[in-house]
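Subject: Structure handover and notes

Hello,

Here is the structure you asked about. My notes on it come after the display.

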Amino acid sequence: MMKHKHLTPLFLAIAMALGVLMGVVISRGNSQKTIIRGSSDLNTIESVFYLLQNEYVDTVDIQKLQVDAVTSVIDGMDPHSEYFKPEVLEEVTEELQGSFEGIGVTFRIERDTITIISTIKGGPSEKVGILAGDRIVYVGDSLIAGNGITNTKAMKMLKGPRGTKADVKIYRRGIDGLLDFTITRDVIPTYSVEVAYMIDDTTGYLKLSKFIATTHKEFVKAVKELQGEGMTHLIFDLRGNSGGYLSEAVDIADEMLPKGSLIVYTQGEHRDRQYIFARRNGMLEDTPVTILIDEGSASASEIVAGALQDNDRGTIVGRRSFGKGLVQEQFDLGNGDGLRLTVARYYTPTGRCIQKPYDGDREKYLFEAYDRYTSGEMFSSDSIHFADSLRYTTPCGKIVYGGGGIMPDVYVALRQDSTEYFFNKVVNASILFQYAFDYSDSHREEILNYGDAKTFNDTFVFTDKMFNDITKEAKKKKITGTDGQIEKARTLIGPLFKAYVARNIFGDESFYQIYEPMDEILQEALKN
């Protein structure tokens, strides 16, 4: 989901920290190596655990002690190396593979019930007639509504090997009783291209959420479709994209840079320097490109942005990126567990390492974005200072800096407007989001009758009654504002409400199309 100006600094920082924990640059070339156990280097450690297991005064869980020890060691190395227990490793690996096996729905937990947001086109749930808005009450004989169901538990119950069956009972608004469905699980693709559409006759917009195994293939397909619709300028949105596979980032940069251009190079204590160049004639080499970044753009996103910036190609618009210049490889430890280990640093074509400082305080590192608010950086680029020792020059003479992310060519600060206080509080408390969800759910057929998001946006009227309903909910949560703040909120809530509703009914692309005028970074990109 787009991270926009209405989120509070703390909420943004927390969301980004969670994203960046998973947002790594991963080299796939040597992945899934097996660690050979019993090496002589481990004799001391083995001896300690042997004694604990065989001589300690009480019974100990030796496996838990080993996991605790490994976790402690890895946590002390750097903020991106990470040990994964078997149940977690499968999940994080699956996220980058580009597919999983399940019933093919997107859902959210709404009032302690799994509510279907959409079904995957052509997927197993759509084939049997599951609809957006349906509530899953039973899976098999297990009641899962109203008993504290969590996202994690729901995923475990709905996912499963291809060919297995999920018997579900569904509540559907307007129908008495529960509906029975048997869904045969299948391979469900996941996508990294969140949306791709034409903003106007010549400008294409493409938003990428992550770099997974299928990203380059998705990117090429989307770009070809946009070119077929007349695109001569691409706005490539990497905001909030916390990274993924290095190889996918390289392949995408290759599409925008002339053959032979240096994209990135990597080097580590046990990894020789490796230069990676553009290898093909890219499909976007002659197309003007604008890349959007923000404090949530990390790792692979920064490789793409840095490659274009250092090759004097395109324009980078937004705010300073996260600042992650480390490369991880994933190792299989032999018992279903795994280790994602930092093995190298990456450097942009001018020689920049954009890794931000790390003093051993993991929490401070991950929440550094919050410091950007308190220092004033988010509201003015004048508050950003780079050391002269980290200064580099591109071939065309542009000054760029290392040591803390990618600084955009065009900086778009957050707006400081005290009249928006009430509006921001309503949005941050999810009051508007919840109201839009409930409205979409109860007026689904009525909204579908508009035919498409554009017609809905042009003709739907956000009424004073709707606004009053929202302000009443705000008062229940002790959120108040001055008359001026409430008046300003009235002008801002209507368009965002329609964007939320459109996404619920017509899909993600609808949200972005309606949200465009409110997106200050995008509007700035359209000027360049």
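The notes below go through helices, a cavity, and then some individual residues.

Please keep in mind that this is a predicted model.

Helices

Helix 8 covers residues 246-254, and eight of its nine residues are buried, so this helix is largely enclosed by the rest of the structure. The buried residues are Leu-246, Glu-248, Ala-249, Val-250, Asp-251, Ile-252, Ala-253 and Asp-254.

Helix 16 (residues 464-476) packs with helix 17 (residues 483-506) at an angle of about 110 degrees, and their axes are 11 Å apart. An angle of 65 to 115 degrees counts as roughly perpendicular, and helix 16 and helix 17 are therefore roughly perpendicular to each other. On the helix 16 side the contact is made by Asp-464, Met-466, Phe-467 and Ile-470; on the helix 17 side it is made by Ile-486, Ala-489, Arg-490, Ile-493 and Phe-497. Sorted by class, this contact has seven nonpolar residues, two charged and no polar ones.

The loop between helix 16 and helix 17 contains Lys-478. Phi of Lys-478 is near 60 degrees, which is a positive value in a residue other than glycine. Lys-478 is exposed, with a relative accessible area of 75%.

Helix 17 comes up again with helix 18 (residues 508-515), since the buried residues of helix 18 pack against helix 17, helix 15 (453-459), strand 12 (193-198) and strand 13 (203-208). Those buried residues are Ser-510, Phe-511, Tyr-512, Ile-514 and Tyr-515.

Cavities

How many cavities of 30 Å³ or more are there? The count comes to two. The second largest cavity holds about 50 Å³ of space. Its lining consists of Thr-115, Ile-116, Ile-117, Gly-133, Phe-437, Ser-440, Asp-441, Arg-444 and Asn-504. Strand 6 (113-119) and helix 13 (431-442) are the elements that give two or more residues to this lining. By class, the lining of the second largest cavity has three nonpolar, four polar and two charged residues.

Individual residues

Lys-85 sits in the loop between strand 3 (82-84) and helix 4 (86-97). Its relative accessible area is 42%, and Lys-85 is therefore partly exposed, given that the partly exposed class lies between 20% and 50%. Not counting residues up to four places away in sequence, Lys-85 touches Val-67, Gly-336 and Asp-337. Val-67 is 18 residues from Lys-85 in sequence, and the two are 8.1 Å apart in space, C-alpha to C-alpha.

Leu-89 lies in helix 4. Is Leu-89 buried or exposed? With a relative accessible area of 11%, Leu-89 is buried. Leaving aside neighbours within four places in sequence, Leu-89 is in contact with Phe-84, Gln-330, Gly-336, Asp-337 and Gly-338. Gly-336 and Asp-337 are thus listed for Lys-85 and also for Leu-89. Leu-89 and Ala-502 are 413 residues apart in sequence and 35 Å apart in space, C-alpha to C-alpha.

Thr-203 is in strand 13, one of the elements that the buried residues of helix 18 pack against. Thr-203 counts as buried, at 7% relative accessibility. Its contacts, leaving aside neighbours within four places in sequence, are Tyr-197, Met-198, His-233, Ile-235 and Leu-526. From Thr-203 to Pro-395 there are 192 residues in sequence and 28 Å in space, C-alpha to C-alpha.

Glu-285 is found in the loop between strand 17 (271-277) and strand 18 (289-293). Beyond its neighbours within four places in sequence, Glu-285 is in contact with Glu-255, Met-256, Leu-257, Pro-258, Lys-259, Arg-280 and Arg-313. Glu-285 and Ile-316 are 31 residues apart in sequence and 16 Å apart in space, C-alpha to C-alpha.

Asp-312 lies in the loop between helix 9 (300-310) and strand 19 (315-318). Phi of Asp-312 is near 55 degrees, again a positive value in a residue other than glycine. At 25% relative accessibility, Asp-312 counts as partly exposed.

Regards

Terms used:
Residues are numbered from 1 along each chain as its sequence is written. This is a predicted model: local features need pLDDT of at least 70, side-chain atom pairs count only at pLDDT 80 or more; totals for chains, interfaces and linings use all residues. Side-chain values use heavy atoms; hydrogens and water are left out. On a 1 Å grid over the protein atoms alone, a cavity is a set of points where a 1.4 Å probe fits but cannot get out, and a pocket is an open set with protein on both sides within 12 Å along at least five of seven lines; lining residues have an atom within 4 Å of a point. Grid points are joined across faces, edges and corners, and a volume is the space filled by probe spheres set on the points. Helices (H or I, at least four residues) and strands (E, at least two) are DSSP runs, numbered from the N terminus. Ala, Val, Leu, Ile, Met, Phe, Trp, Tyr, Cys and Pro count as nonpolar, Asp, Glu, Lys and Arg as charged, and the others, Gly among them, as polar. Buried means under 20% relative accessible area, exposed over 50%, partly exposed in between (1.4 Å probe, protein chains only). Contact means heavy atoms within 4.5 Å. Axes are lines fitted to C-alpha atoms, for helices over the stretch in contact, and angles run from 0 to 180 degrees between N-to-C directions. Angles under 35 degrees count as roughly parallel, over 145 as roughly antiparallel, 65 to 115 as roughly perpendicular and the rest as oblique.
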